[in-house]
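Me: I would like to go through the terms used for this structure and ask for the reasoning behind each one. Please set each value against its cut-off.

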Amino acid sequence: MRVPKKYQFIVEIGKALHIYGIPSYKIQSYLTQVAKTKGITGSFMDLPTWVNYVFYDEKNSYNYVECIPPGSLNLGAFSRIDELTNKVIDSGMEVDEIDKELKIIHAKTKEVNHFILTLAYAFAAGSFSLMIGTNWISFAFSILLGSLTYLFVYLANKSKYVESVLESLCALVVTIFACLLTFIFPDFNLGLTILASIIIFIPGLAITTALEEITSKSLVAGGAKLFDAMVVLFKQFFGVILGLGLMTSLLDIDLTHYESNMPQWTIFCAIPIFSICTLPIFQVRKKDMFFGILTVFLRFL
């Protein structure tokens, strides 16, 4: 059954909330409040891969289920859709205004500067290698391997297959390159460089969101998202272990070698660089950038 046009804006809001990562229990609360603001009676259920809408009027009920795959991590869109929904609840925006704002939010997610993102991935990896204690050689190659990581991210946007194996494939290739570098540079820190190069894929925010949902008694959605985050971690682990297994079977590699000769002050330079690099990667809004950098400082300390 096709949902009547008067309910379409709620469906679109729900879809945007789901795609941009708003927790399930908040989506259900938001949609209920939006419907109440517009004088609509409805019941809503959000799960990790679909949203169920039920609308009621005096004589009929309308049920609409939409399958929506999880979206990519985008804190700018997360902030904008949360802000828009609260604006609808507080001021009762007209439907045309809501549609216009949603189109702007969707358009913003498609604005990509590949050069800036390549630099961001590269220096995020390099600065993280400084934060965990390494040497100049490992720092330099962390930057190069970090930029290689973005190449796979770019290819993932072009190919569904690459997208499905992104984390494991990237971890595998980075590990192979890192192992080869150990024969050219004896002081190369293998393990730390691999970790720094793929640090952006660590699903920290996904795990935090999952735990938030579980503690809010949204057990089905929270449990599913936590398991998905664990799978992402396993894919990276599998890629690294496969790469190390292949290379150690062909070459004699010392996996335990570690050398750190970086001065202490480099850590305090790495913190702001790392936080600045994550801003374009997660598409943080300009007005939230200062608080993002401040948060990184506080969490590291």
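Me: What makes Lys-217 count as exposed?

Reply: This is a predicted model, and in it Lys-217 has a relative accessibility of 69%. Exposed means over 50%, so Lys-217 counts as exposed.

Me: Where does Lys-217 lie, and what is its phi?

Reply: Lys-217 sits in the loop between helix H10 (204-215) and helix H11 (219-250). Its phi is positive, about 70 degrees, although Lys-217 is not a glycine.

Me: Why is Gln-283 called partly exposed?

Reply: The relative accessibility of Gln-283 is 26%. Buried means under 20% and exposed over 50%, with partly exposed in between, so Gln-283 counts as partly exposed. Gln-283 lies in the loop between H12 and H13, and it too is not a glycine but has a positive phi, about 50 degrees.

Me: Gln-283 comes just after H12. How do you know that the span of H12 is close to the expected one?

Reply: Helix H12 (residues 265-281) has 17 residues and reaches 26 Å from its first C-alpha to its last. The expected value, at 1.5 Å a residue, is 24 Å, and the span is close to that.

Me: Which residues of H12 are buried, and what covers them?

Reply: Among the buried residues of H12 are Ile-267, Ala-270, Ile-271, Phe-274 and Cys-277. Their cover includes helix H5 (114-131), helix H6 (136-156) and helix H13 (289-300).

Me: Why are H5 and H6 called oblique to each other?

Reply: Their axes cross at roughly 140 degrees and come within 7 Å. Angles over 145 degrees count as roughly antiparallel and 65 to 115 as roughly perpendicular. The crossing angle of roughly 140 degrees fits neither, and H5 and H6 are therefore oblique. The crossing is right-handed. Residues making the contact include Leu-117, Tyr-121 and Ala-125 of H5 and Ile-143, Thr-149 and Val-153 of H6.

Me: How do you know that Thr-149 is buried?

Reply: Thr-149, which lies in helix H6, has a relative accessible area of 1%. Buried means under 20%, so Thr-149 is buried. Leaving out residues up to four places away in sequence, Thr-149 touches Tyr-121, Cys-170, Val-174, Ser-197 and Phe-201.

Me: What makes the aromatic pair of Phe-44 and Tyr-53 edge-to-face?

Reply: The structure holds 13 aromatic pairs. In the one formed by Phe-44 and Tyr-53, the centres are 6.1 Å apart and the planes stand at 80 degrees. Rings pair if their centres lie within 6.5 Å, and planes over 60 degrees apart count as edge-to-face, so the pair of Phe-44 and Tyr-53 is edge-to-face. Phe-44 is buried at 9% relative accessible area, and Tyr-53 is buried at 0%.

Me: Why is the pair of Phe-141 and Phe-188 also called edge-to-face?

Reply: The ring centres of Phe-141 and Phe-188 are 6.1 Å apart and their planes are at 80 degrees, so the pair is edge-to-face. Phe-141 lies in helix H6 and Phe-188 in the loop between helix H8 (166-184) and helix H9 (190-197), so the pair ties together parts 47 residues apart in sequence.

Me: Why do Phe-141 and Phe-188 count as buried?

Reply: Phe-141 has a relative accessibility of 17%, and Phe-188 has a relative accessible area of 2%. Buried means under 20%, so Phe-141 counts as buried, and so does Phe-188.

Technical notes:
Residues numbered from 1 in each chain as written. Predicted model: local features only at pLDDT ≥ 70, side-chain atom pairs only at ≥ 80, totals over all residues. Heavy atoms only, no water. Helix = DSSP H or I, 4+ residues; strand = E, 2+ residues; numbered from the N terminus. Expected span 1.5 Å × (residues − 1). Buried < 20%, exposed > 50% of the residue type's maximum accessible area, 1.4 Å probe, protein only. Contact = heavy atoms within 4.5 Å. Phe/Tyr/Trp six-rings, centres within 6.5 Å; stacked < 30°, edge-to-face > 60°. Axes fitted to C-alpha atoms, helices over the stretch in contact; angles between N-to-C directions. Parallel < 35°, antiparallel > 145°, perpendicular 65-115°, else oblique. Left-handed = near helix turned anticlockwise from the far one by under 90°.
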